[in-house]
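I am opening a notebook page on this structure and writing down each thing as I look it up. Strand pairing comes first, then cysteines, rings and a few single residues.

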Amino acid sequence: MSKLALAAKNIVLSAGFSLAGPLSNIFQAQEEIKKPSMGSDEYWMLQALIESLSSIGITSPNPSIGCIIVDQNGVEISRGATQAYGGYHAERWAFQQVQDPDRLKGATVYVTLEPCSHFGKQPPCADLLIASKIQRVVISRQDINPKVNGAGIRALIQAGKQVKIGTYALESTASNCTFFANQILNRPVFILKWDQTVNGHINKSKGINNPAATIYSNWLRRRYDILLVDAKGALSKNSTQEISHHHLKLILDLDGICLRNPEVLNNKNLGYITTSKALEKNSYSCLKKQIGITVFELSGTQPLTEILTLLQSEQIFQLLGHPLQSILIEGESQFLSTWLSAGYADILHFFMRPQIGHELKCFPWIDLAHQTQKFDLVSTSQFNQDVLFELVSSEIAQKLFYPLLDKSNTI
């Protein structure tokens, strides 16, 4: 594990945080968050971050934001999180929950992202705050969306509101990493997830022998728009991943293996990607009997290029009901290596297990160590005996995380 840590630069979130948010609020993690002083800006921003978890998986392509309103006596008035895509933003939802508007006079608003300053599916949240009687706004980080990018902050200051920015900035950035990365890359964000032994063996059939790590893996599947697995992964005993109803699972099966094992093609919200040759070679009558399955037929001449085109197609948009922002990729070591080597790996989540693997599929350690030099380590977390490593590409780290380490950006 030390070799891996040395192969990547470190950003390091606060203890108890991961790329999925505060771990102790996902489940009872071994590593607790250091509790801020009661009533401090850090305390209330942590509450806002925790509140944002309540809308994980339903806001894409919008970020999942949390908002807390505290009166001038330091007592919470209301809280809110971003609603499902197209619905209220966190600030507007929090204001909707206010029972006594008089308590807003002199109040402070804590929000995990700069309030928007433009009209989208909702009116600008900055205007809502300006028109209210609140006195102060504490913002975790600036929004890099070109439509905002500091405009909300400037509008608040010009309106005479007190503004502070930077509280838990790294942690709120990590929690909505795909939202920000999507804007930096101008394409969907690719996330690779796997678990391995210390000598590089992957075990997809037996899964993770650790309940906490399994819970975390399911939480990741809930967060991202699409789960993409290969045929071998779909046929493994670990193929019944828990996915919320609004997500889409894709099986990539260029050889038609699943057509000979149709029992794996009985999930709703399932997309089956195969080739014309595979369909001709195998009976695919099983597909016609399944409800909720969409078949995507590729030529197979340039599979990676065709898959990338498909992922950004109108068909995927229609199935998701919103623009695609993130793809979580799981599968065998060769499948993962394909994406990693091709440069379509932006975020890595992987568990390191203490067992020494022998009979399992091997993820070449040398290749992994080489590839992780292109990534920066964001966090490590202990799950009993397993250790979770989370990394982002150097491009994302340099454009998204490292500017936040400069404390001069605090207002």
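**Entry 1: strands 4 and 6.** I started with the pairing of strand 4 and strand 6, which run antiparallel and are joined by four bridges. The model I am reading is a predicted one. I looked up V70 and found that its bridge partner in strand 6 is T108.

**Entry 2: strands 6 and 7.** On to the pairing of strand 6, residues 108-111, with strand 7, residues 136-139: I count it as parallel, with four bridges. For V111, I noted I139 as the bridge partner in strand 7.

**Entry 3: helices on the sheet.** I then checked what packs on the sheet. Helix 2, residues 41-52, does so, and I list its contacts as strand 4 (66-70), strand 5, strand 6, strand 7 and strand 8. I noted about 140 degrees between the direction of helix 2 and that of strand 4. Helix 5, residues 151-158, also packs on the sheet, where it touches strand 7 and strand 8. Its direction makes about 150 degrees with that of strand 8.

**Entry 4: the sheet as a whole.** In what order do the five strands of the open sheet lie? I read the order as 5-4-6-7-8, and the pairing is mixed. Strand 5 (76-81) and strand 8 (162-165) are the edge strands, each paired on one side only. Ignoring direction, I get an average turn of 15 degrees between neighbouring strands of this sheet.

**Entry 5: side chains of strand 6.** I went back to strand 6 for its side chains. T108 and Y110 point one way, V109 and V111 point the other way, and all are buried.

**Entry 6: cysteines.** How many disulfides does the structure hold? I found zero. C116 is in no disulfide, and the nearest cysteine sulfur to it is that of C125, 3.8 Å away. The cut-off I apply for a disulfide is two cysteine sulfur atoms within 2.5 Å. C125 is likewise in no disulfide, with the sulfur of C116 as its nearest, at 3.8 Å. I also looked up accessibility: C116 has a relative accessibility of 8% and so counts as buried. C125 is at 0%, therefore also buried.

**Entry 7: aromatic pairs.** My count of aromatic pairs comes to twelve. One of them is F17 with Y168, with 5.5 Å from centre to centre and 45 degrees between the planes, which I enter as tilted. This pair links distant parts of the chain, 151 residues apart: F17 is in strand 2 (residues 17-18), and Y168 is in the loop between strand 8 and helix 6 (169-175). F17 counts as buried because its relative accessibility is 3%. Y168 is buried too, with a relative accessible area of 14%.

I then looked up F351 and F383. Their ring centres are 5.4 Å apart and their planes are at 80 degrees, so I enter the pair as edge-to-face. F351 lies in strand 16 (residues 347-353) and F383 in strand 18 (residues 375-383), so the pair ties together parts 32 residues apart in sequence. Both F351 and F383 are buried.

I also noted one aromatic cluster, formed by F190, F335, W339 and Y344.

**Entry 8: a charge over a ring.** Which ring does the charged end of R141 sit over? I found the ring of F180, with the charged end 4.5 Å from the ring centre.

**Entry 9: E171.** I looked up E171, which lies in helix 6. It is entered as buried because its relative accessible area is 5%. Leaving out residues up to four places away in sequence, I find that E171 touches L13, S14, F17 and L49. F17 is already on this page, as the ring paired with Y168.

**Entry 10: Q196.** Is Q196 buried or exposed? With a relative accessible area of 1%, Q196 is buried. I place Q196 in strand 9, residues 189-197. I then checked it against R353: the two C-alpha atoms are separated by 5.9 Å, while the residues are 157 apart along the chain.

Conventions. Residues numbered from 1 in each chain as written. Predicted model: local features only at pLDDT ≥ 70, side-chain atom pairs only at ≥ 80, totals over all residues. Heavy atoms only, no water. Pairing = 2+ DSSP bridges. Helix = DSSP H or I, 4+ residues; strand = E, 2+ residues; numbered from the N terminus. Axes fitted to C-alpha atoms, helices over the stretch in contact; angles between N-to-C directions. Contact = heavy atoms within 4.5 Å. Buried < 20%, exposed > 50% of the residue type's maximum accessible area, 1.4 Å probe, protein only. Phe/Tyr/Trp six-rings, centres within 6.5 Å; stacked < 30°, edge-to-face > 60°. Lys NZ or Arg CZ within 6 Å of the ring centre and 35° of its normal.
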